[in-house]
Amino acid sequence: MLTSSDVKRARRAYESVKNSYYPTVSIGANYNKTDEETASTPDNSTASWANINYVVYDGGKRGATSDALSFSIESASEDLTALKNNIALEIINHYFNYYAL
């Protein structure tokens with residue numbers, strides 16, 4: 001049975017794919033201090049880095065996945081609307097059948 005959480009789940013999956021279009025950035029830094037300096041180990045050392053990752057081309061995979069999830073969201077929303085309409089129709093039918101007795 002379809003629920004609104006199915007629609008929400010499909011929307012979250014769509015947002016996840018949509019977010020994969022953005023580049024990822026990571027930065028970091030490191031500082032080390034030792035008590036005793038040796039020939040191979042300095043007493044103070046620092047390091048820093050930055051990485052930027054961006055997918056230039058993926059063969060259309062993200063676009064196709066995005067389209068499929070978009071259609072899935074639309075389908076799930078329509079199915080949920082149809083389910084609500086069917087429930088309302090059954091309630092109305094039961095109401096009129098009850099008063100027709």
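In this predicted model, Phe 96 has a relative accessible area of 53% and is therefore exposed, since exposed means over 50%. Its neighbour in the discussion, Tyr 95, reaches 45% relative accessibility and so counts as partly exposed. The rings of Tyr 95 and Phe 96 form an edge-to-face aromatic pair, with 5.3 Å from centre to centre and 75° between the planes.

Tyr 95 also takes part in a pair with Tyr 99. This pair is edge-to-face too, with ring centres 4.9 Å apart and an angle of 65° between the planes. How are Tyr 95 and Tyr 99 separated along helix α2? They are four residues apart, which means a separation of about one helical turn. Helix α2 covers residues 61-100, and Tyr 99 counts as exposed because its relative accessibility is 58%.

Across the whole structure, a search finds three aromatic pairs. Ring pairs join Tyr 95, Phe 96, Tyr 98 and Tyr 99 into a cluster. These four residues reappear, together with Ile 92 and Leu 101, in a nonpolar surface patch of about 810 Å².

Another aromatic ring has a charged partner: Arg 62 lies over the face of Tyr 21, at 4.6 Å from the ring centre.

Helix α2 also holds Ala 88, a residue that counts as partly exposed at 35% relative accessibility. How far apart in space are Ala 88 and Ala 10? From C-alpha to C-alpha, Ala 88 and Ala 10 are 25 Å apart, while 78 residues separate them in sequence.

Notes. Residues numbered from 1 in each chain as written. Predicted model: local features only at pLDDT ≥ 70, side-chain atom pairs only at ≥ 80, totals over all residues. Heavy atoms only, no water. Patch = residues over 30% accessible without salt bridge, like charges linked within 9 Å, V, L, I, M, F, W, Y side chains within 5 Å. Areas by Shrake-Rupley, 256 points an atom, 1.4 Å probe, with all protein chains shown as cover. Salt bridge = Lys/Arg side-chain N within 4 Å of Asp/Glu carboxyl O. Helix = DSSP H or I, 4+ residues; strand = E, 2+ residues; numbered from the N terminus. Buried < 20%, exposed > 50% of the residue type's maximum accessible area, 1.4 Å probe, protein only. Phe/Tyr/Trp six-rings, centres within 6.5 Å; stacked < 30°, edge-to-face > 60°. Lys NZ or Arg CZ within 6 Å of the ring centre and 35° of its normal.
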